[in-house]
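Open the model in your viewer and keep the selection panel handy. We will go from one selection to the next, with a short note on what is there each time.

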Amino acid sequence: MLEGILIGLSTALTVGNLFFVLMGCLVGTFIGMLPGLGPMSAIALMIPIAASLDPSAGIILMAAVYYGAIFGGSTSSILINAPGVASTVATSCDGFPMAKQGKAGKALAIAAYSSFSGGVIAALFLLIAAPFLAGVSLAFQSTDYFALMVLGLIAVSAFAGKGDMAKALLMTVVGLMLSTVGTDQTQGVPRFTLGMIDLIDGISFLLLVMATFALSEALMAILKPKDDAERLKEKEASENLGSMAIGKHEVKEMAPVIGRSSILGFLIGVLPGAGATIASFLAYGTEQRLAGPKKGAEFGKGSVRGLSAPETANNAAATGSFVPLLTLGIPGSGTTAIMLGALIGYGIQPGPRLYIDQPEVFWSVIVSMWIGNIVLLILNLPLIPYIARVLAIPSRFLLPLILFFSLIGVYFVSFNTFDIQLMVIFAVAAVVLRFLDFPMAPMILGFILGGMMEENLRRALLINNDSWSFLWERPLTLSILLIAAVCLVLPFATAQIKRLKDSVYGRTREGD
Amino acid sequence: MLLSKDRIGGVLLLLFCVTYGLLSQNIRLLPFQENVAFHARTMPEVLAVLGIGLSLIVILFPGAAARPELRGYQWAKCALFLVLMSGYGLTIRPLGFILSTSLFLMIGFALLGERRPLTLVLVAVPLVVAFWVLMTQGLDVFIEPLPGFLKAEG
């Protein structure tokens, strides 16, 4: 492991890579701060630049953008109560009330220290867990990978929330369908190309991500612009931050919260599909219960614990989500799905072999997490008063620029104007579906995993002489598929049990 | 609620899945491929069935009854931006990067309420030129800056 860390350090600590960490954190914070644009859009916007770099530098850049965007999202949650992403919604519960009390600087500092601690502690866990899991997963075969991908796709949908699971599953299937467009890899047959040469190579993942996230976010903002009062609030918040110093009393309060939330966040992050949002809310709820009635009542009114817990947990979960990506090649979230797409673009197949075949990529990602978190703390925090001015940029300038960067990002990779037209079509579809409250992240996950899933299933059938029996004869495959089935059934079952309980309870009450 | 958001989305995706299923039958298979357990049509056919099934579940058992609220949204402006983006795709080659992008940004700023012509030019043009210099000099990505008719004949 020590050797690995040294490899990582020697790769990540080159002048060029340090520059990319710096730039990534800064640009990520900048983009993440813009309400509506989250880590997924931020990473997507960076892919064209990352594609021109070597794999280690590209992944380091994207990882840095990821933490930067999460940090930036927290800033807009605290200052203007507009979380850029769902994972920072819990942050705004106590961060915004603190800002309203004139302690915006303090709230930002607490969020930064908590994010830093959560990220650093979780990176330590990742350091231990990833090589271990990579070693175990070397025994995995195509059949197990197929089952794992099924589990990953179902798990993401299972966490979608009450009533939304069917929609999330449907969007996953739509993503899988889009992944089948283009020439079939094994038999060389064109599929769903509609006779167009431009579709022979399939749909570019960058194009789909840009159209469904960056473009549609900007179009949604055009569709429903903010009123003047809101704009004024943003401008004022970005100008008056107050002191950023935090006292001994606050540090004492934060320390145990950070310890607990880091562990919780990391464990939740490792689970495919759970991710930073669930981790942040779970940490918030746990700390509220542990705080006791007196301190617990302060939650939602500007509590230090209430701000520290979700911030620690969402950063720890973001780090934890790298575990399945780096060791199994299965992304656990939409963001890591985009990173997987980028890695595949480099010709790198994440999974257990990555640890052995390209240790410099594997370890430099882990080491860059520490460097990224340090950069966020020592560079971004003092710069926040200046970076926050981005909130004051009028949207009439910002939105066309976002559209331009999204379009040109895709065009600069393919130099094909057909891609721009295709992006417009996907953006229209994405705006309509978002307007109807259909989630986009499961679709991206389905799209990224679709090709790999088909390939693994085909290979598994080939190995098993065209027999489907591997699905129930191989214990590991069967176990993973059973877990997937439980994930699928559990939300329905718990809803039914709750309904049954309610009806029995209601009848008893009526009887009384 | 008959016309809830979930149901409308479900119907749209049902249409998409049915079309996908029908198109999957156009995938050509060689005679020897038709009898193997897994061929180019297998995955699309399974996905079409799954997609149709899930769409029907969303339509028949919608999670939320919220109706789509069309008022308060700037649909026309959004449509104009879609036309603008498509137009940008059509003009980037014939007009060159600098002219087409400057026009795209200036029209975009104007559509969102910027009325001062000087501001439109002063924000868009320097930014586009700086971006072009950064891409060509910094990242070695060359893109034709000027329209074809302004290029020196070689």
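Start where the two chains meet: 48 residues of chain A are in contact with 52 residues of chain B, contact being C-beta atoms, placed from the backbone, within 7 Å. The model is predicted, so local features need pLDDT of at least 70 and side-chain atom pairs count only at pLDDT 80 or more, while totals for chains, interfaces and linings use all residues. For your selections, residues are numbered from 1 along each chain as its sequence is written, chains are lettered from A and ligands numbered from 1 in the order in which they are written.

Now colour the elements of chain A that give two or more residues to the side touching chain B: α8 (165-179), α9 (205-223), α19 (395-414), α20 (417-435) and α21 (441-463). Helices (H or I, at least four residues) and strands (E, at least two) are DSSP runs, numbered from the N terminus. Which element gives the largest share of this side? It is α19(A), with ten residues. By class, this side of chain A has 30 nonpolar, seven polar and eleven charged residues. Here Ala, Val, Leu, Ile, Met, Phe, Trp, Tyr, Cys and Pro count as nonpolar, Asp, Glu, Lys and Arg as charged, and the others, Gly among them, as polar.

**Select chain B**

Chain B has five helices and zero strands. Its radius of gyration is 25 Å, well over the 15 Å that the globule rule gives for 154 residues, so chain B is more spread out than a compact globule. That radius is taken over C-alpha atoms, and the rule is 2.2 Å times the number of residues to the power 0.38. Along the principal axes, the C-alpha atoms of chain B fill a box of roughly 60 × 50 × 25 Å. Try colouring domain 1 (5-60) and domain 2 (75-149) of chain B separately; domain bounds come from an automatic or database domain assignment. The C-alpha centres of these two domains lie 40 Å apart.

**Select chain A**

Chain A comes to 23 helices and two strands. Its radius of gyration is 23 Å, which agrees with the value near 24 Å for a compact globule of 512 residues. The box filled by its C-alpha atoms is roughly 70 × 70 × 50 Å, along the principal axes.

**Zoom in on helix pairs in chain A**

Show α4 (residues 55-80) with α18 (residues 359-387): their axes come within 9 Å and cross at roughly 35°. Axes are lines fitted to C-alpha atoms, for helices over the stretch in contact, and angles run from 0 to 180 degrees between N-to-C directions. The residues of this contact divide into twelve nonpolar, eight polar and one charged.

Keep α4(A) and add α3 (residues 39-51): these axes also come within 9 Å, crossing at roughly 155°. That makes α3(A) roughly antiparallel to α4(A), the term for angles over 145 degrees, with those under 35 roughly parallel, 65 to 115 roughly perpendicular and the rest oblique. The contact of α3(A) with α4(A) has twelve nonpolar, one polar and no charged residues.

Finish with α16 (residues 334-345) and α21(A), which pack at about 30° with axes 9 Å apart, making α16(A) roughly parallel to α21(A). As sticks, show A:G334, A:A337, A:I338, A:L340 and A:G341 of α16(A), which meet A:A441, A:I444, A:L445 and A:I448 of α21(A).
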